[in-house]
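Visitor: I've never looked at this structure before. Could you show me how to read it?

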Amino acid sequence: MPTSIDHDLSLTQDELSLIDGYLREQYRGVFDEQMIQAHLNEYVESTFAGNLAAIIASEARPGVRLLDIGAGYGAFVLSCRQQGLDAAGYELAGFEVDISRRRLARSEPAANPASVFLKGDAGRLPFADNTYEIVTLLNVLEHVPDYRAVLAEAVRVLRPGGRLIFICPNYAALRKEAHYHVPWLPLFPRRLASAYLRFLGRNPEFFQRHIYYCTNWGVLSALSGLGLRPTNLDVLRLEHPELISSSHARRLVESLRASRLLPLLKFAFRMSLYNPFKSAVTVVACK
């Protein structure tokens with residue numbers, strides 16, 4: 001089993017066992033054993049969640065209201081709350097909502113789990129307009145049939161001046177498919193893609209039911225139509241090299257800062273936002 005994350009957000013052995021079985025069923029024919037363990041480490045007990053929460057908290061005042069759409073097992077929301085943000089999660093999968101509530105009950109006994117982690121459809125948020133200062137969608141948009149509608153809902157509940165932060169794979173890129181981890185053609189025709197997965201001995205059902213193509217330019221176009229001003233999320237990461245997971249990348253950023261060349265790298269990242277073939281869409285957009 002994976003090691004626990006810091007700050008008493010670790011899962012119990014019973015929860016880890018339940019999640020392990022749930023993932024094996026959900027990703028049957030999609031994930032191999034190594035990928036199951038990687039998913040547990042990266043998305044269930046997530047160092048990435050803690051690092052991103054720290055970056056966001058450093059840019060926001062304490063108590064800022066944050067909504068994480070597609071909150072999964074709650075790692076990001078819990079990390080944000082420990083950073084002093086008033087964070088809540090919204091998730092469609094009842095099993096994942098239940099795990100998130102159990103984790104919150106241990107880490108914050110005085111909190112009301114049912115008001116922090118809510119179950120529902122990302123396309124129909126039950127919140128008033130202009131409710132949250134920050135809204136996040138972390139690897140969610142590729143799982144919804146109409147990502148433009150989901151972005152519109154996220155913007156609706158975002159306050160003027162607030163930030164929308166999201167990450168998703170770019171299916172116009174030549175890269176490995178983000179879930180099956182096999183070589184993938186840009187905008188691979190879906191019937192051919194299903195036949196290709198069968199040829200590789202993989203189950204195409206998850207692809208057919210749960211993966212929808214989103215592209216960097218498509219997402220940027222949607223944001224423009226909603227009146228938002230985007231920039232590359234990686235620009236924020238450059239401000240916090242201590243939170244970069246790769247030691248090599250961290251040393252590089254620190255060297256560039258020492259030599260006063262970091263602004264050039266920030267400029268390059270800002271320009272890369274518009275690269276239609278970048279592997280992932282990583283955006284911070286202001287309303």
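Guide: Let's go through the sheet, a helix and some charged pairs, keeping in mind that this is a predicted model.

Visitor: Let's begin with the sheet. What is the order of the strands?

Guide: The general idea is that strands of a sheet pair through backbone hydrogen bonds, either parallel or antiparallel. Here you have an open sheet of seven strands with mixed pairing, and the order is E3-E2-E1-E4-E5-E9-E8. At the edges sit strand E3 (117–119) and strand E8 (229–232), each pairing on one side only. On average, neighbouring strands are turned by 20° against each other, direction ignored.

Visitor: How many bridges join E5 to E9?

Guide: Seven bridges link strand E5 (residues 158–169) to strand E9 (residues 280–286), and the two run antiparallel. To find one of them, look for Cys-168, whose bridge partner in E9 is Val-281.

Visitor: And which strands does helix H3 touch?

Guide: Helix H3 (residues 47–58) packs on the sheet and touches strand E1 (65–69), strand E4 (132–138) and E5. The direction of H3 makes about 155° with that of E4. Helix H5 (residues 94–107) packs on the sheet too, touching strand E2 (86–91) and E3, and its direction makes about 165° with that of E3.

Visitor: Now a helix with buried residues. Which residues of H10 are buried?

Guide: In helix H10 (residues 216–225), they are Asn-216, Gly-218, Val-219, Leu-220, Ala-222 and Leu-223. Their cover includes helix H7 (147–156), E5, E8 and E9. After H10 comes Gly-227, with a positive phi near 80°.

Visitor: What about charges? How many salt bridges does a search of the whole structure find?

Guide: Side chains of opposite charge can pair when their charged atoms come close. The search of the whole structure finds 15 salt bridges. One of them joins Glu-153 and Arg-156, at 2.7 Å from N to O.

Visitor: Why can residues three or four places apart in a helix point the same way?

Guide: An α-helix has 3.6 residues a turn, so residues at that spacing point the same way. Glu-153 and Arg-156 are three residues apart in helix H7, so about one helical turn separates them. Glu-153 is buried, at 14% relative accessible area, whereas Arg-156 is partly exposed at 23%.

Visitor: Where can I see a pair four residues apart?

Guide: Try helix H9 (residues 205–210), where Glu-205 and Arg-209 are separated by about one helical turn. Their closest N and O atoms are 3.0 Å apart. Glu-205 is partly exposed at 38%, and Arg-209 is exposed at 52%. Elsewhere, salt bridges with shared partners join Asp-14, Glu-15, Asp-98, Arg-102 and Arg-106 into one network.

Note on methods. Residues are numbered from 1 along each chain as its sequence is written. This is a predicted model: local features need pLDDT of at least 70, side-chain atom pairs count only at pLDDT 80 or more; totals for chains, interfaces and linings use all residues. Side-chain values use heavy atoms; hydrogens and water are left out. Two strands pair if DSSP finds at least two bridges between them. Axes are lines fitted to C-alpha atoms, for helices over the stretch in contact, and angles run from 0 to 180 degrees between N-to-C directions. Contact means heavy atoms within 4.5 Å. Buried means under 20% relative accessible area, exposed over 50%, partly exposed in between (1.4 Å probe, protein chains only). A salt bridge is a side-chain nitrogen of Lys or Arg within 4 Å of a carboxyl oxygen of Asp or Glu.
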